[in-house]
Amino acid sequence: MTEVHTLRKPPLNPTRNYDFLYDPVYQTGSQKDHSRDLFRSHTKVDRIKKQPVYDSMFSELRHHPRATITMDPTDPVPKFVSRQWKGYADQARDALVKYKTFNYDTSVQIPPQVYSRVDVSGAERAKYFRR
C-alpha cells in the first residue's frame with residue numbers, strides 16, 4: 001500500500017494590504033511610493049477572478065475562450081477613508097524649516113509638530129508587544 005504525502009510550503013506572514021491607509025505610524029517616502037502601494041493593494045491576486053463563459057466552456061478555439069479574467073469590482077476600503085498621501089503637510093513644514101534656516105528670516109512662523117496622545121499603559125497597551 002502506498003502512502004501519499006502532500007508537500008506544503010510554510011505559511012508566510014500575511015501582508016496587511018491597507019496599512020498605508022489605516023496605520024498612523026506607517027510612512028512612505030514619497031507620493032510615488034504611496035501610489036505604488038495603492039496600486040499593489042488594488043491589484044492583489046485575491047481580487048482577480050477567473051469566470052467561465054458558459055456558452056463556450058468546453059471550447060478549444062482562441063476566439064471562443066473558456067473563461068475570462070476579471071477583477072472583483074467591490075472595494076474593501078470604505079469610501080470615507082482618505083486615499084491621499086499624508087506627506088504634504090510634512091513636506092511643507094520641512095520647506096519652511098529649510099527656508100528659515102538658510103535665509104535667516106525671523107518673520108516666518110513654523111507650525112509645531114503635533115503628535116496624537118497614545119495611552120501606552122491603557123487601552124492601546126497590546127499594540128506595544130511583539131508576537
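**Close-up views of a predicted model**

**View 1. What lines the largest pocket.** Sorted by class, 14 nonpolar, nine polar and eleven charged residues make up the lining of the largest pocket. Here Ala, Val, Leu, Ile, Met, Phe, Trp, Tyr, Cys and Pro count as nonpolar, Asp, Glu, Lys and Arg as charged, and the others, Gly among them, as polar. The model is predicted, so local features need pLDDT of at least 70 and side-chain atom pairs count only at pLDDT 80 or more, while totals for chains, interfaces and linings use all residues. Residues are numbered from 1 along each chain as its sequence is written, and side-chain values use heavy atoms, with hydrogens and water left out.

The largest pocket has a volume of about 1,300 Å³. Of its 34 lining residues, Asp23, Pro24, Val25, Tyr26 and Gln27 are the closest to the centre. A pocket is an open set of points on a 1 Å grid over the protein atoms alone, where a 1.4 Å probe fits, with protein on both sides within 12 Å along at least five of seven lines; lining residues have an atom within 4 Å of a point. The points are joined across faces, edges and corners, and the volume is the space filled by probe spheres set on them. Helix α3 (residues 88–103) gives the largest share of this lining, five residues.

**View 2. The second largest pocket.** This one has a volume of about 150 Å³. Ten residues line it, and Arg16, Asn17, Phe20, Asp37 and Arg40 lie nearest its centre. Both α1 (19–22) and α2 (31–42) chip in at least two lining residues each, with α2 giving the largest share, three residues. Helices (H or I, at least four residues) and strands (E, at least two) are DSSP runs, numbered from the N terminus. By class, the lining comes out as two nonpolar, three polar and five charged residues.

**View 3. The largest nonpolar core.** Which five residues make up the largest nonpolar core? They are Tyr18, Phe20, Leu21, Val77 and Val81. A core of this kind is a set of buried Ala, Val, Leu, Ile, Met, Phe, Trp, Tyr and Cys residues joined through side-chain atoms within 4.5 Å. Setting aside neighbours within four places in sequence, valine 81 is in contact (heavy atoms within 4.5 Å) with Leu21 and Tyr22.

**View 4. Serine 41 and proline 76.** Is serine 41 buried or exposed? Serine 41 sits in helix α2 and counts as buried, because its relative accessibility is 4%. Buried means under 20% relative accessible area, exposed over 50%, and partly exposed in between (1.4 Å probe, protein chains only). Not counting residues up to four places away in sequence, serine 41 touches Asn17, Tyr18, Phe20 and Arg47.

Proline 76 is in the loop between β2 (67–71) and α3, and at 52% relative accessibility it counts as exposed. Leaving out neighbours within four places in sequence, proline 76 is in contact with Tyr18 and Arg47. Its C-alpha atom is 19 Å from that of tyrosine 26, 50 residues away along the chain.

**View 5. Along helix α3.** The 16 residues of α3 should span 22 Å at 1.5 Å a residue, and the end C-alpha atoms are indeed 22 Å apart, which agrees; the expected span is 1.5 Å times one less than the number of residues. Glutamine 91 is in α3 and is partly exposed, with a relative accessible area of 45%. Between the C-alpha atoms of glutamine 91 and serine 30, 61 residues apart along the chain, the separation is 9.6 Å. Alanine 95 is in α3 too, and it counts as partly exposed at 46% relative accessibility. Alanine 95 and arginine 36 are 59 residues apart in sequence and 24 Å apart in space, C-alpha to C-alpha. Just after α3, tyrosine 104 takes a positive phi of about 50 degrees.
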